Amino acid sequence: MAGSSPFGGENFFTTRVDAVVNWARSNSLMPMPMGLACCAIEMMAFAGPKYDSARFGSEAMRFSPRQADLMIVAGWVSYKMSHAVRRVWDQMADPKWCIAMGACASTGGMHRCYGVVQGCDNFLPVDVYIPGCPPRPEAVLHALMDIQEKVRNEYTITQDYTYGDPYENAPLIPENTIQYPGQLQKPNTPATPVAPASA
């Protein structure tokens, strides 16, 4: 909200610290590329000049967990590699986020065998899943925008309430709910079971 000064100009505005911090975080994500298989090639294209992830402030791929805050697991994860991936994740500073890129990172994909973890969410807290084998760079950009939306809508523990007067007076409204109504609501499922079609 802009305010006027005694000199006739509007040279300041008021906001919340949470909004400024989340805005800065969402536009300066530094990915930790965990390229384990063929999805890593598409992840390289996502960072290249054609798709230009620099538009979203995340062109600085960091191969050091101390400097990264977004892990992109691209490809299938073997049980041997899962320990190293988890160690890198634990070394990343909070707050941090994770993207499971492709069918193999999300569910194990075609590698239905004893040596492959059936989804990296077995040992990592995944925020966004990207379907496809391999997913196109546009899908990775969409996942990045989903992470940005999640970061912008985070709030502090002082607002972490679920009932009472504060909740009724000031409910938390996600940023784009007005522009895209119903985007965070689960689809309505019919309460009655559907009768099978007669042969």
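This note goes through one helix, two cis peptide bonds, one cavity and three buried residues of a predicted model.

1. Helix α3, which takes in residues 79-91, has 13 residues, and the distance from its first C-alpha to its last is 19 Å, close to the 18 Å expected at 1.5 Å a residue. Ser 82, Val 85, Val 88 and Trp 89 are the residues of α3 to consider on the inner side, since they are buried. When α3 is viewed down its axis, its buried residues fall within an arc of 125 degrees, and they therefore line one face of the helix.

2. The face of α3 turned away from that buried side carries Lys 80, His 83 and Arg 87, which are exposed. On the buried side, the cover over the buried residues of α3 includes three strands, namely β3 (31-35), β4 (70-74) and β5 (97-101).

3. Ser 82, a residue of helix α3, counts as buried because its relative accessibility is 7%, which falls under the 20% cut-off for that class. If residues up to four places away in sequence are not counted, Ser 82 touches Val 77, Val 117 and Phe 123.

4. Two peptide bonds deserve a check by anyone preparing the model for calculation, given that most peptide bonds are trans. The bond that joins Asp 94 and Pro 95 is cis, with an omega of about -5 degrees, and Pro 95 is found in the loop between α3 and β5. The bond from Cys 133 to Pro 134 is also cis, with omega near -10 degrees, and Pro 134 has its place in the loop between β6 (128-130) and α5 (137-152).

5. How many cavities of 30 Å³ or more does a search of the whole structure find? The search finds one, and the volume of this largest cavity is about 40 Å³. Its lining is made up of Cys 38, Cys 39, Gly 102, Ala 103, Cys 104, Gly 132, Cys 133 and Pro 134, so that both residues of the second cis bond, Cys 133 and Pro 134, appear in the lining. Helix α4 (residues 102-107) supplies the largest share of this lining, with three residues. By class, the lining residues of the largest cavity divide into six nonpolar and two polar, with no charged residue.

6. Ser 106 lies in helix α4, and at 11% relative accessibility Ser 106 counts as buried. With neighbours within four places in sequence left aside, Ser 106 is in contact with Ala 100, Gln 118, Gly 119, Asp 121, Tyr 129 and Ile 130.

7. Met 101 lies in strand β5, one of the strands included in the cover over the buried residues of α3, and Met 101 is itself buried, with a relative accessible area of 0%. Not counting residues up to four places away in sequence, Met 101 touches Cys 39, Glu 42, Met 43, Ile 72, Val 73, Ala 74, Gly 75, Ile 130, Pro 135 and Val 140. Among these, Cys 39 also belongs to the lining of the largest cavity, while Ile 130 is also in contact with Ser 106. Met 101 and Trp 76 are 25 residues apart in sequence, and their C-alpha atoms are 9.2 Å apart in space.

Conventions. Residues numbered from 1 in each chain as written. Predicted model: local features only at pLDDT ≥ 70, side-chain atom pairs only at ≥ 80, totals over all residues. Heavy atoms only, no water. Helix = DSSP H or I, 4+ residues; strand = E, 2+ residues; numbered from the N terminus. Expected span 1.5 Å × (residues − 1). Buried < 20%, exposed > 50% of the residue type's maximum accessible area, 1.4 Å probe, protein only. Arc of directions from axis to C-beta. Contact = heavy atoms within 4.5 Å. 1 Å grid on protein atoms, 1.4 Å probe; cavity = no way out; pocket = protein on both sides within 12 Å on 5 of 7 lines; lining within 4 Å. Points joined across faces, edges and corners; volume = space filled by probe spheres on them. Nonpolar A, V, L, I, M, F, W, Y, C, P; charged D, E, K, R; others polar.
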